[in-house]
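Let's take a walk through the aromatic rings of this model. Have the viewer open and follow along.

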Amino acid sequence: MNRHFKKRIILILGICLVAVLAFHFMFTNSTAKSQSKADHLYQQNLAVSKTSSTTKKITHTVSKNSQTSQSSAPSNINWRKSSETKPYPNLKQYPQAWLDVNIAKQRVYVRDGANHNQILYTMYCSTDKNNGTPRGTYQIQAERGTHFYNPAVKEGANYYVSWLNHGEYLFHTVPVNANNQYIKSQAVKLSKQANSHGCIQLSVPDAMWVYNNVPFGMKVVIH
């Protein structure tokens with residue numbers, strides 16, 4: 001084999017080697033890019049999946065909270081009936097009982113001062129529609145009666161008991177008109193919104209119980 005032929009063989013082998021290396025590089029690079037793209041798509045899908053899962057959890061939580069909020073709201077408040085189905089407390093057994101009026105919740109709680117202010121009974125109420133019901137600590141006063149009517153506001157009420165200014169601020173029923181008929185359009189707002197002229201409106205049986213049972217001098221806290 002002459003020298004010229006050997007050089008040609010070596011050149012051909014070199015070209016083949018370069019071609020093989022180039023093909024290997026292109027294949028490896030293409031595979032790496034494909035894998036990188038696949039990894040990127042996987043990460044995107046994973047992120048979307050996590051976001052979707054989180055969104056579902058948040059939606060479920062909001063829905064659950066919404067249901068809880070709806071279920072905790074008072075329903076079917078009846079101004080003709082007692083606020084609770086259980087009997088009213090016998091105040092003779094609770095000499096340190098007092099009345100806790102919560103304006104924000106539109107509730108009157110009968111509490112036992114001798115037992116960590118335990119709630120004995122809860123009554124629905126409506127306070128001043130202009131947020132004018134006085135806040136503070138007061139006492140049940142001597143003035144009480146079965147009926148009154150105020151021509152200035154064209155409203156009255158039944159079973160009233162004074163707690164401030166000797167007849168100015170009272171516990172009493174939902175409003176009545178000049179004929180002593182309950183004003184249903186006002187009565188249905190009991191506890192659903194503040195609706196009085198400063199007094200504390202109660203359902204008819206609740207006001208009757210306060211009139212007949214709450215003693216002179218009992219503490220009243222309004223906040």
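What follows is a tour of ring pairs, a ring cluster and charges over rings.

This is a predicted model, where local features need pLDDT of at least 70 and side-chain atom pairs count only at pLDDT 80 or more, while totals for chains, interfaces and linings use all residues. Residues are numbered from 1 along each chain as its sequence is written, and side-chain values use heavy atoms, with hydrogens and water left out.

Rings of Phe, Tyr and Trp (its six-membered ring) pair if their centres lie within 6.5 Å; planes under 30 degrees apart are stacked, over 60 edge-to-face, and the rest tilted. That rule gives 8 aromatic pairs. Take W79 and Y182: with centres 5.4 Å apart and planes at 50°, the pair is tilted. W79 sits in the loop between α1 (3-72) and β1 (97-102), and Y182 in the loop between β7 (169-173) and α2 (184-187), so the two rings tie together parts 103 residues apart in sequence. (Helices are DSSP runs of H or I, at least four residues, and strands runs of E, at least two, numbered from the N terminus.)

W79 is buried at 6% relative accessibility, whereas Y182, at 24%, is partly exposed. Here buried means under 20% relative accessible area, exposed over 50%, and partly exposed in between (1.4 Å probe, protein chains only).

Another tilted pair is W163 with F171, 6.4 Å centre to centre and 55° between the planes. W163 is buried at 1%, and F171 is buried at 2%. Both belong to one aromatic cluster with Y138 and Y169.

Now for the charges. One counts as over a ring if NZ of Lys or CZ of Arg is within 6 Å of the ring centre and within 35 degrees of the ring normal. K219 lies over the face of W98 at 4.5 Å from the ring centre, and R111 over that of Y109 at 5.2 Å.
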